[in-house]
Amino acid sequence: MSKTGLTLPIDIEAVKGFMDPVEGAALHDAAFGMADRGPVMEIGSYCGKSTVYLGAACKARGALLYALDHHRGSEENQPGWEHHDPGTWDAKAGAMDTLPFFRDTLRRAGLEDTVIAIVTKSRLAARHWNIPLSMLFIDGGHALEMALIDYRGFSGHVMQGGILAIHDIFPDPRDGGQAPYEIYRLALASGMFEELAMVKSLGLLRRILV
Ligand code: SAH
Ligand code: MG
């Protein structure tokens with residue numbers, strides 16, 4: 001049982017990552033409500049913390065979760081930056097590698113038959129993407145260029161009535177970077193999405209039915 005009363009298949013506190021339990025529970029509940037309509041996708045898995053919340057919901061609904069990450073870390077995860085974890089350094093590659101942690105999380109959480117890992121840059125994955133999504137969760141690179149690639153590459157694949165969730169929304173720049181908030185505002189300005197809820201820094205939008 002997590003802090004929120006949600007029962008997860010793994011001790012979520014022990015998984016490395018950046019997902020608050022209250023936000024994670026909201027992600028879980030949103031996916032649980034949507035996943036009978038089609039697959040869910042997350043951009044930015046890191047070591048699988050958010051993947052467990054989304055994956056547990058998908059598993060319960062018999063749905064699939066696409067989990068996209070190049071596993072080389074975002075800017076703020078690199079050595080010398082605030083969110084660097086030396087345990088994720090792969091000396092052979094001379095780069096970060098979170099894939100072994102991610103894979104271990106999936107195995108321990110019993111999610112290997114639910115989660116399809118896509119290990120590449122979101123720009124590449126977007127090129128031929130053609131699968132409608134019941135829910136899309138964007139939590140990848142937080143540089144504006146990266147957030148725009150994720151938003152432009154995938155938000156159009158969210159089905160009508162489906163959910164677009166964006167993490168790390170900080171309307172006040174003193175609280176954090178602005179790129180996720182920028183794409184959140186773009187989504188609203190597009191006329192394709194309407195506000196559903198804001199849970200801490202997790203913004204939930206619904207694709208409008210036309
Ligand atoms: N959702 C995670 C945290 C994600 S951190 C959790 O719950 O803990 C952001 C992740 O996005 C990093 O793992 C990084 O490798 C990935 N990422 C950043 N830019 C990316 C890109 N352009 N394509 C694919 N993955 C990217
Ligand atoms: Mg985040």
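Two rings of Phe, Tyr or Trp count as a pair here if their centres lie within 6.5 Å, with planes over 60 degrees apart called edge-to-face. By that rule, this predicted model has three aromatic pairs. One of them is made by Tyr66 and Trp129, which sit edge-to-face with 5.1 Å from centre to centre and 90 degrees between the planes. Tyr66 belongs to strand S2 (residues 65-68), while Trp129 is in the loop between helix H4 (122-127) and strand S6 (133-138), so this pair ties together parts that are 63 residues apart in sequence.

Both of these rings are tucked away from the surface: Tyr66 counts as buried at 13% relative accessibility, and Trp129 counts as buried at 13% too. Trp129 also has a second partner. Its ring centre is 5.7 Å from that of Phe154, and because the planes meet at 65 degrees, this pair is edge-to-face as well. Phe154 comes from helix H5 (residues 144-154) and Trp129 from the loop between H4 and S6, so here the parts being tied together are 25 residues apart in sequence. Phe154 is buried, just like Trp129. Put the three side by side and you get one aromatic cluster of Tyr66, Trp129 and Phe154.

Now step back to the whole chain. The protein has six helices and nine strands. Its radius of gyration is 16 Å, close to the 17 Å that the globule rule gives for 210 residues, so the protein is as compact as a globular protein of that length. If you drew a box around the C-alpha atoms along the principal axes, it would be roughly 50 × 35 × 35 Å. Of the 210 residues, 51% are buried. Contacts across the sequence are plentiful in this sense: among those with a separation of 6 or more, 70% are between residues 24 or more positions apart.

Next, the metal. Which residues hold the magnesium ion (ligand 2)? The protein donors are Asp139 through OD, His167 through ND1 and Asp168 through OD, at 2.1 to 2.2 Å from the ion. Along the sequence these donor residues follow the spacing D-x27-H-D.

Is His167 buried or exposed? With a relative accessible area of 3%, His167 falls under the 20% cut-off, so it is buried. Asp168 is buried too, with a relative accessible area of 16%. You'll find His167 in the loop between strand S7 (158-166) and helix H6 (179-189). The side chains of His167 and Asp168 are also joined to each other by a polar contact of 3.1 Å. Leaving out residues up to four places away in sequence, His167 touches a list of neighbours that includes Phe18, Met19, Glu23, Phe137, His142, Pro180 and Ser201. Its fellow donor Asp139 is on that list as well.

Two other spots are worth a look. Asp85 is in the loop between S2 and strand S3 (89-90). Its side chain makes a polar contact of 2.8 Å with the side chain of Lys16, and the side chain of Asp85 also reaches the backbone nitrogen of Gly87 at 2.8 Å. Beyond four places in sequence, Asp85 touches Lys16, Tyr46 and Asn77. Finally, a charge meets a ring where Arg61 lies over the face of Phe32, at 4.5 Å from the ring centre.

Notes. Residues numbered from 1 in each chain as written. Chains lettered and ligands numbered in written order. Predicted model: local features only at pLDDT ≥ 70, side-chain atom pairs only at ≥ 80, totals over all residues. Heavy atoms only, no water. Donors = N, O, S within 2.8 Å, 3.2 Å for Na, K, Ca; no water. Buried < 20%, exposed > 50% of the residue type's maximum accessible area, 1.4 Å probe, protein only. Phe/Tyr/Trp six-rings, centres within 6.5 Å; stacked < 30°, edge-to-face > 60°. Helix = DSSP H or I, 4+ residues; strand = E, 2+ residues; numbered from the N terminus. Lys NZ or Arg CZ within 6 Å of the ring centre and 35° of its normal. Polar contact = N/O pair within 3.5 Å; in protein donor to acceptor, adjacent residues only side chain to side chain. Contact = heavy atoms within 4.5 Å. Rg over C-alpha atoms; globule rule 2.2 N^0.38 Å.
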